[in-house]
Amino acid sequence: MIMADSSNGAPGTSVTVATPGRELDEFENPGLPPHRPRLADRDPRAEKRAERQVALLFLISVLGTLLFFAGYFFVPLNETIERLRLQNLMLGLGTAFAMLGIGVGIVHWAKTLMPDHEVTESRHEIRPEKDRRDAEKIVNDILDESGIKRRPLIRNTLLGAALLAPLPAIAIFRDLGPLPGNSLKHTMWDTGVRLTRDPSGTPIRASDVTIGSAFHVIPEGLNEVENKLEEKAKAVVLLMRLDPEELNPSPGRENWGYDGIVAYSKICTHVGCPVALYEQQTHHLLCPCHQSTFDLEQECEVIFGPAARPLPQLPIEVDDEGYLVASSDFQEPVGPSFWERG
Amino acid sequence: MSSSTTTQTYVPKTRVGKVTDYVDSRVGGSGIVKEFGRKIFPDHWTFMFGEVALYTFVILLITGTFLTFFYDPSMAETHYNGSYLPLRGVEMSVAYASSLDISFDVRGGLFMRQLHHWAALLFAASVAVHMLRVFFTGAFRRPREFNWVVGCVLVILSLAAGFTGYSLPDDLLSGNGLRIIDGVMKAIPVVGTYLSFFLFGGEFPGTMIIGRLYVLHILLIPAVILLMIGIHLFMVVLHKHSQFPGPGRTNTNVVGYPVGPVYAAKAGGFFFIVFGILAAIAAAFTINPIWNYGPYDPSPVSAGTQPDWYIGWVDGALRLMPGTLGDNFDFEFMIPFPWGVNALSLNVLVPALVPAAIVFTLMFAWPWIEAWVTKDKREHHLLDRPRNAPARTGVGVAGIVFYCVLWAAASSDLIATHFLVSLNDVTYWLRALVFIGPVLAFMVTRRIALALQRKDREIALHGRETGRIVRLPHGEFIEVHEPVDDYKRYKLVSFDSPEVMVPKPDENGKISLLDKVHGRASRFFFEDRVAPVTPKELEASHNDHHGEIAGAKDRESIASH
């Protein structure tokens with residue numbers, strides 16, 4: 001290796017002076033600038049000072065480690081968040097000082113006391129071109145000797161086998177999950193299933209729902225089913241009461257509500273977030289994830305945002321005891337679109 | 001054994017020598033010391049980003065391993081019984097309960113969680129910034145194209161690592177993130193529903209997803225990242241590090257500090273600095289306070305939720321895409337087939353896939369796109385200053401603006417509530433900006449780069465403005481310019497400035513379409529180029545008595561290039 005000292009990098013000849021007979025279209029590289037000694041290189045006192053600074057930084061690291069242990073052993077957690085914060089702060093700052101002391105110390109050492117002469121090393125070709133020729137010959141010889149080019153029968157059968165062989169490795173993942181079947185097209189809602197409060201599961205009387213109020217609703221019995229979260233992810237509903245005059249039901253959907261009480265799926269038709277924000281004044285439903293906005297007065301049509309379909313409406317009625325019940329399941333799949341949705 | 005049977009010519013004298021001899025004569029190693037002990041690494045502050053990425057990855061491995069000892073990736077239901085009183089008795093998954101236990105009942109657990117999360121955020125950021133450094137300085141050019149591709153793969157892997165880890169605590173926020181992934185997956189034509197069912201082991205959310213993400217997060221993805229880092233560093237050694245042009249630096253040498261002791265000390269010390277800074281952040285700044293969110297439940301969601309920063313741009317794209325246009329046009333198409341009607345949700349597919357596809361396709365292909373435009377097949381070990389490649393720099397900044405608009409869109413609701421403006425207006429503006437922004441950014445950046453090049457020319461030709469105004473005997477006022485020295489000037493003049501390549505007709509006088517496209521691309525890249533100062537020009541400017549002020553003559557000579 002060439003250990004060229006930077007101070008040897010003599011500047012090139014003055015570029016402004018034309019060398020006779022030479023095209024002056026580019027500046028000559030003047031070479032490395034002369035090395036400038038640092039303070040610690042010239043002054044022994046500065047050197048000593050830098051040495052002490054490095055040692056001090058290492059000592060700070062030691063203190064940091066001690067701080068960590070102080071936090072770990074002498075700040076016991078006691079179920080208050082303040083104590084946890086204090087411990088976290090002491091452990092964290094202890095680690096920070098322990099690491100920064102070492103890190104800053106070493107870098108300071110390198111920058112002030114280790115040699116700072118820039119060194120030049122030459123680059124080499126990544127591989128000589130001769131090697132490439134040799135490699136080409138070797139690979140071709142290997143191919144020839146294997147006979148793969150001369151024996152197409154072997155080549156083609158191997159190709160076929162090699163294409164098929166990985167298929168089991170893919171197929172074996174089949175049991176990662178069941179096939180969708182009809183599961184996305186049905187929910188727990190059915191004729192006569194009571195609307196209950198989320199999460200308590202207490203049924204809701206029509207008379208509980210005053211104008212302007214909104215209820216987060218789950219089907220009765222949801223809390224008892226085994227696959228509760230999966231059913232809930234499809235069945236959650238928002239229940240709101242408006243002045244019946246403000247609702248504009250389309251033909252065939254006039255009796256899907258009850259006296260201004262309407263129920264809509266809470267699962268956004270965009271990518272499935274819960275449409276949890278109800279703007280009481282405007283009768284808009286807003287999805288907090290991507291801001292799709294649905295208009296209750298137009299059967300939850302999309303009026304803004306990335307959703308493309310209205311929220312599905314749950315047809316509801318009132319049973320003999322005055323509780324709200326579903327008249328049927330949703331008439332279309334809820335939640336985000338999927339290919340088979342149709 | 002008598003000395004006659006072995007002829008030992010090397011007799012180690014120092015203690016180091018004896019140890020080396022013992023090891024080397026058994027397993028070898030002196031070759032490695034000879035290769036690396038004094039290997040030269042060029043120094044520049046921008047070379048630090050890759051180091052940050054590497055070091056944060058090491059910190060992630062250390063803290064992550066600690067977390068695995070306490071975390072339980074089970075979605076079985078349990079009732080929380082730990083120290084955090086507000087959630088005591090609440091039904092939740094074991095995964096969430098164990099994440100709470102790490103935070104509240106394992107001493108130092110919260111610190112390790114926060115350190116891990118902050119390190120992950122910094123990891124993704126440093127990988128991204130490192131890629132930008134490589135892009136803007138042209139370090140991806142021959143022979144480093146493959147290493148650029150490895151870098152692109154690492155970007156994708158760091159996003160994957162981040163997302164899978166983000167989901168593990170199984171809190172409300174991460175569960176909603178998974179719900180969005182589920183929704184996006186289901187929008188994929190033909191296979192989407194199946195993919196979703198296979199990933200989640202049935203209907204969303206199921207009981208499998210956390211365990212599966214866990215294996216991806218702690219085993220598969222880190223293993224592939226490690227492999228890629230290995231390939232990456234191998235190629236760095238093979239190519240030797242690139243360096244900025246300057247006095248003493250050429251395309252055939254490497255100027256810098258030897259690994260031992262200076263570079264090793266600086267780089268090694270820097271690991272501790274990165275660790276220390278992250279520890280200080282983790283000590284003082286809360287990240288992802290999962291106890292505030294509660295366990296996952298498909299019904300509630302809090303407003304103003306945000307994904308981790310590196311996923312933000314995809315979420316922003318999802319927000320910006322309109323689902324409908326006017327009253328009658330939906331981006332969800334119902335396609336009739338003989339067997340029934342199928343749904344194609346472009347309102348989800350387009351934002352989820354198209355921006356990422358554009359960004360990553362351009363990223364992967366850029367070294368070859370640029371080489372095709374420049375027809376430059378030379379090896380490049382000297383970096384470009386960004387201003388000396390105005391079109392590339394413009395494209396890069398356009399990409400950053402495109403990314404940042406989408407990223408800002410992920411906070412559209414917070415922008416609206418914070419600045420008291422209409423959410424809808426914010427969205428409309430961002431929709432426009434995502435298209436206009438990159439174009440404007442390209443034009444402005446390119447012009448700035450060209451202007452900086454012209455400024456460099458002025459300084460190289462006439463020196464630095466000293467601010468001293470002198471009155472000449474005949475009454476004229478001039479500002480005294482101080483000529484720069486050879487070293488400083490060389491920095492300003494040593495760059496390539498390719499000229500526009502005009503397509504040449506073949507023997508039939510025809511220009512092929514490809515050549516025409518190439519001519520356009522070449523003009524797009526290099527029109528209005530600024531040529532580096534030549535010694536002749538410098539000499540001419542010195543002979544010119546009005547040399548101190550950029551004369552009209554010089555301006556002409558710039559424009560004529």
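Let's start with the five-stranded sheet in chain A, an open sheet that runs in the order β3-β4-β5-β6-β11 with antiparallel pairing. At its edges stand β3, residues 195–197, and β11, residues 313–314; each has a single partner strand, so one side of each is left without a neighbour in the sheet. One thing to keep in mind as you look at the screen: this is a predicted model.

Let me zoom in on one of those edges. Strand β6 of chain A, residues 261–265, pairs with β11(A) in the antiparallel sense, and two bridges hold that pairing. If you want a residue to click on, take Ala263(A): its bridge partner in β11(A) is Leu314(A).

Chain A has another open sheet to show you. Here there are four strands, ordered β7-β8-β9-β10, and again the pairing is antiparallel. The edge strands are β7, at 277–279, and β10, at 301–304, and each of them pairs on one side only. On average, neighbouring strands in this sheet are turned by 35° against each other, ignoring direction.

Let's walk across this sheet. Strand β8(A), residues 284–286, runs antiparallel to strand β9(A), residues 293–295, and three bridges join them. Which residue of β9(A) is the bridge partner of Leu286(A)? That would be Thr293(A). On we go to the next pair: β9(A) and β10(A) also run antiparallel, with three bridges between them. Thr293(A) turns up here too, standing opposite Phe304(A) in β10(A). So Thr293(A) is a handy landmark, with Leu286(A) as a bridge partner and Phe304(A) opposite it in β10(A). The β9(A) and β10(A) hairpin has five residues between its strands, and in it Glu299(A) takes a positive phi near 55°.

Now let me step back to chain A as a whole. Its secondary structure comes to seven helices and 13 strands. The radius of gyration is 38 Å, well over the 20 Å that the globule rule gives for 342 residues, so chain A is more spread out than a compact globule. Its C-alpha atoms fill a box of roughly 105 × 75 × 50 Å along the principal axes.

The domain division is worth having in mind too. Chain A is split into domain 1 at 39–120, domain 2 at 125–156 and domain 3 at 186–341. How far apart do the C-alpha centres of domain 2 and domain 3 of chain A lie? They are 68 Å apart. As for packing, buried residues make up 36% of the 342 in this chain. Among chain A contacts between residues at least 6 apart in sequence, 56% join residues at least 24 apart.

On to the other partner, chain B. Its count is 20 helices and 10 strands, and its C-alpha trace spans about 95 × 90 × 60 Å along the principal axes. Of its 561 residues, 43% count as buried. Taking contacts between residues at least 6 apart in sequence, 71% of those in chain B join residues at least 24 apart.

Chain B has a nice hairpin to look at. Strand β7(B), residues 332–337, and strand β8(B), residues 340–345, run antiparallel and are joined by six bridges, with two residues between the strands. Within it, Phe333(B) has Leu344(B) as its bridge partner in β8(B).

So where do the chains meet? The contact takes 100 residues from chain B and 84 from chain A. On the chain B side, the largest share comes from helix α10(B), residues 259–284, with 17 residues. By type, the chain B side divides into 53 nonpolar, 32 polar and 15 charged residues.

Strand pairing crosses between the chains as well. Strand β2 of chain A, residues 119–122, and strand β4 of chain B, residues 253–258, pair in the antiparallel sense over four bridges. There you'll find Val119(A) opposite Gly256(B) in β4(B).

I'll finish with one residue, Tyr72(A), which lies in helix α2(A), residues 44–74. Is Tyr72(A) buried or exposed? It falls in between: with 16 C-beta neighbours inside 10 Å, Tyr72(A) counts as partly exposed. Leaving aside neighbours within four places in sequence, Tyr72(A) is in contact with Leu91(A), and also with Arg107(B) and Gly108(B) from the other chain. Within chain A, the C-alpha atoms of Tyr72(A) and Gln87(A) are separated by 7.0 Å, though the two residues are 15 apart along the chain.

Definitions and conventions. Residues are numbered from 1 along each chain as its sequence is written. Chains are lettered from A and ligands numbered from 1 in the order in which they are written. This is a predicted model: local features need pLDDT of at least 70, side-chain atom pairs count only at pLDDT 80 or more; totals for chains, interfaces and linings use all residues. Two strands pair if DSSP finds at least two bridges between them. Axes are lines fitted to C-alpha atoms, for helices over the stretch in contact, and angles run from 0 to 180 degrees between N-to-C directions. The radius of gyration is taken over C-alpha atoms; the globule rule is 2.2 Å times the number of residues to the power 0.38. A residue is buried if 20 or more other C-beta atoms lie within 10 Å of its own, exposed if 12 or fewer, and partly exposed in between; C-beta atoms are placed from the backbone. Two residues are in contact if their C-beta atoms, placed from the backbone, lie within 7 Å. Domain bounds come from an automatic or database domain assignment. Ala, Val, Leu, Ile, Met, Phe, Trp, Tyr, Cys and Pro count as nonpolar, Asp, Glu, Lys and Arg as charged, and the others, Gly among them, as polar.
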